[in-house]
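Trainee: I've got a structure to go through and I'm new to helix packing. Can we take it step by step?

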Amino acid sequence: MSEESYQKIFSKNLNYYMAQNNKSQTDLVNDLGFNKSAVSTWCNGTRLPRMDKVEALARYFNINRSDLIEEKNLEAGYYFDEETAKAAQEIFENKELHMLFDVARNADAEDLRALHNMALALKRKERGNIDDTGC
C-alpha cells in the first residue's frame with residue numbers, strides 16, 4: 001500500500017475519533033501539546049505522525065493504535081440494532097445511568113425485576129402517585 005493510502009486511512013480514522021469525542025484540532029494541540037501545522041496535515045491526510053504521536057492519540061481517545069492506522073469500516077457502527085446502539089450511547093453519556101448499569105450487570109433475573117420495580121416505585125412517588133402497591 002502506498003504512503004498516500006496510509007495517510008488517507010489515518011486521516012479518516014483520526015477525524016472519526018475526533019468527531020466521536022467532540023474534539024477539534026485545537027483541542028489536540030492544547031491537550032496534547034502537538035504542533036498546530038502537524039495536526040492539520042494529519043487531519044487532511046498529507047502527512048503521517050510518528051509512532052509516539054499515534055500512541056499519544058490512542059491513549060487520548062482510549063483506543064488501540066490500530067484503530068488509527070488500520071483501515072476500518074467506522075461508519076457502520078458497532079451495533080447491528082439501532083435501538084441497542086442508542087441505549088449504549090445513552091449509558092455512555094449519562095454517568096448515573098452508567099453507574100446503575102454497572103450495579104445491575106451481574107444481577108440475576110429476580111434481582112433485576114426487583115430493581116425495576118423499585119425504580120418504578122420511585123418514579124411514581126416522584127410524580128406524586130404515592131401508592132407503591134406495585135412492588
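Mentor: Sure. One definition before we start: axes are lines fitted to C-alpha atoms, for helices over the stretch in contact, and angles run from 0 to 180 degrees between N-to-C directions. Keep in mind that this is a predicted model.

Trainee: Okay, how is α2 oriented relative to α4?
Mentor: Helix α4 covers residues 51-61, and its axis is 12 Å from that of α2. The two pack at an angle of about 100°. Angles of 65 to 115 degrees count as roughly perpendicular, so α2 is, relative to α4, roughly perpendicular.

Trainee: And how many charged residues are in the contact of α2 with α4?
Mentor: On the α2 side we have D27, L28, D31 and L32, and on the α4 side A56, L57, Y60 and F61. Sort them by class and you get six nonpolar residues and no polar ones. Asp counts as charged, and the charged total is two.

Trainee: Now α2 and α3: are they oblique or roughly perpendicular?
Mentor: Helix α2 spans residues 25-32 and helix α3 spans residues 36-44. Their axes come within 9 Å and cross at roughly 135°. That angle falls outside the ranges for roughly parallel, antiparallel and perpendicular, so the pair is oblique.

Trainee: Is that crossing left-handed or right-handed?
Mentor: Picture the residues that meet there: Q25, L28 and V29 from α2, with K36, V39, S40 and C43 from α3. By class they split into four nonpolar, two polar and one charged. As for the way α2 passes α3, the crossing is right-handed.

Trainee: What about α1 against α3, how many nonpolar residues are in their contact?
Mentor: Helix α1 (residues 3-20) packs with its axis 6 Å from that of α3, at an angle of about 105°. That makes the two roughly perpendicular. K8, F10, S11, L14, N15 and M18 of α1 touch W42, C43 and N44 of α3. Three of these residues are polar, one is charged, and the nonpolar count is five.

Trainee: Last one: which helix gives the largest share of the lining of the second largest pocket?
Mentor: That pocket holds about 250 Å³ of space, and its lining includes I91, F101, H116 and L120. The lining residues divide into nine nonpolar, one polar and no charged. Both α7 (95-104) and α8 (109-127) supply at least two of them. The largest share is five residues, and it comes from α8.

Methods:
Residues are numbered from 1 along each chain as its sequence is written. This is a predicted model: local features need pLDDT of at least 70, side-chain atom pairs count only at pLDDT 80 or more; totals for chains, interfaces and linings use all residues. Side-chain values use heavy atoms; hydrogens and water are left out. Helices (H or I, at least four residues) and strands (E, at least two) are DSSP runs, numbered from the N terminus. Angles under 35 degrees count as roughly parallel, over 145 as roughly antiparallel, 65 to 115 as roughly perpendicular and the rest as oblique. A crossing is left-handed if the near helix is turned anticlockwise from the far one by less than a right angle, and right-handed if clockwise. Contact means heavy atoms within 4.5 Å. On a 1 Å grid over the protein atoms alone, a cavity is a set of points where a 1.4 Å probe fits but cannot get out, and a pocket is an open set with protein on both sides within 12 Å along at least five of seven lines; lining residues have an atom within 4 Å of a point. Grid points are joined across faces, edges and corners, and a volume is the space filled by probe spheres set on the points.
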